Amino acid sequence: MAATRLLSSGPSLQNPKLSRPTRPIDFLPRSSGLKFSKKIVSHGIRCDITSFEFDKPRNWTDPFHVIGNSSPSSHSSSSVPMAAAAARDPPAKGVKKVCLFYCAETKALAERVAAESDAIELRGINWRTFDDGFPNLFIPNAQGIRGQHVAFLASFSSPRVIFEQLSVVYALPKLFISSFTLVLPFFPTGTSERMEDEGDVATAFTLARILSNIPISRGGPTSLVTFDIHALQERFYFGDNILPCFESGIPLLKNRLQELPDSNNIAIAFPDDGAWKRFHKQLHHFPMIVCAKVREGDKRIVRIKEGDPAGRHVVIVDDLVQSGGTLVECQRVLAAHGATKISAYVTHGIFPNRSWKRFEHDNGGNPENGLTYFWITDSCPKTVKAVKNKPPFEVLSLAGSIAGALQI
């Protein structure tokens with residue numbers, strides 16, 4: 001319980017009969033609260049809120065601050081401006097400490113995320129298997145995460161690893177944790193989001209339903225952090241027991257483009273209307289070129305639908321790449337229309353069967369044969385290892401974006 005200590009500027013206001021700090025209710029009736037405030041101001045009395053242990057003042061965060069006039073001897077010259085600033089600005093929220101678990105594939109990314117913030121503590125899991133190949137998993141010091149904010153950094157790179165990671169994802173929220181966040185940088189079934197023929201299975205919806213049934217933690221539904229999901233409508237595939245947070249890698253690309261010596265000569269090209277719909281609002285300040293696939297006889301070829309690449313360093317932007325066939329076709333048509341340099345960016349470099357090898361490096365002057373840069377993020381850890389130190393590839397890390405998302 002707190003008391004109000006009255007500090008007077010002269011002996012005439014001291015009450016010798018008071019043997020303890022006097023509260024306002026003892027000094028004046030409730031109805032004279034306004035008079036009490038005026039008296040304090042006119043006599044230069046300062047009110048400090050402290051505990052009964054008067055040598056230990058408390059740091060109060062009450063949004064109401066009382067600032068009275070006082071003599072120079074009782075306050076430093078900077079105390080009033082500091083108090084005024086405190087009255088204007090709300091108190092800063094505390095940093096949320098997070099225990100971050102990870103799988104074998106995401107260990108390097110998890111370490112980069114932890115390096116971004118002192119509030120993130122890495123925790124490991126024993127990934128073992130029984131003789132029959134099924135997972136034999138163990139979460140060390142499970143009681144130690146009770147009451148903590150917990151996150152898991154996943155990589156669903158193949159169906160083989162999804163089951164063991166889902167087993168951990170379903171187990172962590174039930175360990176009496178305060179909240180749970182699943183960080184899945186790449187949503188792998190995003191390209192299977194619709195049915196074109198009766199009998200097609202939309203596996204994007206299947207995975208969304210599986211994640212929507214993650215057990216609720218003490219803090220409520222699970223938060224899901226994912227980057228540049230393939231189709232915008234997929235956000236509606238998730239149920240009410242999960243809170244999807246859709247982030248983007250485009251800010252990383254924009255920062256990198258600003259560092260280029262020809263940053264004022266950049267144009268953005270989209271390989272199709274879908275890519276334009278996803279990203280054009282984030283890149284609206286660049287000149288834009290939109291390509292499209294058209295049918296000529298039995299073939300589908302890429303043509304420029306709008307925009308002019310002549311004399312520009314053109315950056316092809318899409319959410320993901322698999323075989324890379326569409327990007328190669330875009331590269332050729334852009335070079336044929338006068339682009340002086342051609343680069344590419346995708347958030348998710350999947351590259352099955354090492355298809356990244358088809359992209360050559362252009363050292364200058366041959367945009368039809370190679371790329372100046374090919375930027376990817378580290379959402380697909382296996383690809384990052386494969387293309388490390390291999391031009392034209394550069395990796396833009398999501399670590400900072402993930403660390404920021406964990407503080408939401």
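**Exercise 1.** Determine whether proline 140 is buried, partly exposed or exposed, and describe its surroundings.

*Solution.* Step 1: Proline 140 has a relative accessibility of 29% and therefore counts as partly exposed; buried means under 20% relative accessible area, exposed over 50%, and partly exposed in between (1.4 Å probe, protein chains only). The model is predicted: local features need pLDDT of at least 70, side-chain atom pairs count only at pLDDT 80 or more, and totals for chains, interfaces and linings use all residues. Residues are numbered from 1 along each chain as its sequence is written, and side-chain values use heavy atoms, with hydrogens and water left out.

Step 2: Proline 140 lies in the loop between S6 and strand S7 (149-153). Strands (E, at least two residues) and helices (H or I, at least four) are DSSP runs numbered from the N terminus.

Step 3: Apart from neighbours within four places in sequence, proline 140 is in contact (heavy atoms within 4.5 Å) with Gly124, Ile125 and Asn126. Its C-alpha atom is separated by 8.4 Å from that of arginine 123, 17 residues apart along the chain.

**Exercise 2.** Locate serine 155 and identify the partner of its side-chain polar contact.

*Solution.* Step 1: The loop between S7 and helix H5 (159-171) holds serine 155.

Step 2: Because its relative accessibility is 5%, serine 155 counts as buried.

Step 3: The serine 155 side chain makes a polar contact with the side chain of glutamate 105 at 2.8 Å. A polar contact is a pair of N or O atoms within 3.5 Å; within protein, one must be able to donate a hydrogen and the other to accept it, and residues adjacent in sequence count only if both atoms are side-chain atoms.

Step 4: Beyond neighbours within four places in sequence, the contacts of serine 155 include Cys103, Thr106, Leu184 and Pro381.

**Exercise 3.** Name the residues of the largest nonpolar core that touch the most other members, and follow the contacts of isoleucine 402.

*Solution.* Step 1: A nonpolar core is a set of buried Ala, Val, Leu, Ile, Met, Phe, Trp, Tyr and Cys residues joined through side-chain atoms within 4.5 Å. The largest has 37 residues, of which Val113, Leu257, Ile268, Val317 and Ile402 touch the most other members.

Step 2: Leaving aside neighbours within four places in sequence, isoleucine 402 is in contact with Leu109, Val113, Leu153, Val183, Pro185 and Phe227.

Step 3: Another core, of 30 residues, lies apart from it and includes Val150 and Phe238.
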